[in-house]
Amino acid sequence: MPTENRKAYHVGEGSEGEHVITFACSSAQARREGGNELNLTFEEVSFCRRAPWADEFAGQPFIPAKAYHDQGWWLYCNNCETQLYEDAEDEDGNPLQIVYAGRHAYCDQDCKDSRDKLIADANAKGDAFKEKVLAERPDLTFGEFSIGYPHITMSATFKFPGCQYGGSVRDQEDSGELHWYIAQGDKAAWDLYQRGRAA
Ligand SMILES: [Zn+2]
């Protein structure tokens, strides 16, 4: 469906519930799709109204956090989950120095820095995992690596000569040790392959 026909709708569960901006060609479609997004049935959606301010974001990957705030929406800090509204204050009554970055908002630069560091650390850990895996078993053919932010468990799948299903490797306990798994149906093929490799 061409995005230029899509208009923004504000779909919500009620004043206490969750709200979402959804893009649709009609109010009925918005109610259905917005409701899906909020895990509500069509009837449970308590309101669905046009949100012309968001029309310009149709077809965009996200609506900037700043645009939500300009409309009076509350957001949560993407680092510490503090509820942020545009004129939020800290404990001493000073206005928060809210930092906007794309779809996210942060209490202040410190929160953004913490978040950035967390992501950078996770990605660095992922790179180290991949390097270690490849160094330990250069003989295997690896598929996709599920590593880096936001993965908690790092893993990769692999194939080996003679396999039918293959296996996977993961770094589960954060111990730095690699755990190798072989599909049940490939155990015999793996043993054979390993023996051939050791010979
Ligand atoms: Zn924060």
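The following exchange concerns the sheet, the domains and one loop residue of a predicted model. Residues are numbered from 1 along each chain as its sequence is written. Because the model is predicted, local features need pLDDT of at least 70 and side-chain atom pairs count only at pLDDT 80 or more, while totals for chains, interfaces and linings use all residues.

Biologist: In what order do the 3 strands of the open sheet lie?

Modeller: Strands are DSSP runs of E with at least two residues, numbered from the N terminus, and two strands pair if DSSP finds at least two bridges between them. The pairing in this open sheet is antiparallel, and strand 2 (19–24) and strand 3 (47–50) are the edge strands, each pairing on one side only. The order of the 3 strands is therefore 2-1-3.

Biologist: Which residue in strand 2 is the bridge partner of G12?

Modeller: Strand 1 (residues 7–12) and strand 2 run antiparallel and are joined by 6 bridges. Within strand 2, the partner of G12 is H19.

Biologist: Does Y85 count as buried, partly exposed or exposed?

Modeller: Y85 is found in the loop between strand 5 (83–84) and strand 6 (99–101). A residue is buried if 20 or more other C-beta atoms, placed from the backbone, lie within 10 Å of its own, exposed if 12 or fewer, and partly exposed in between. Because Y85 has 13 C-beta neighbours inside 10 Å, Y85 counts as partly exposed.

Biologist: How far apart do the C-alpha centres of domain 2 and domain 3 lie?

Modeller: Domain bounds come from an automatic or database domain assignment, which gives domain 2 as 64–107 and domain 3 as 124–198. The C-alpha centres of domain 2 and domain 3 are separated by 42 Å.

Note on methods: Helices (H or I, at least four residues) and strands (E, at least two) are DSSP runs, numbered from the N terminus.
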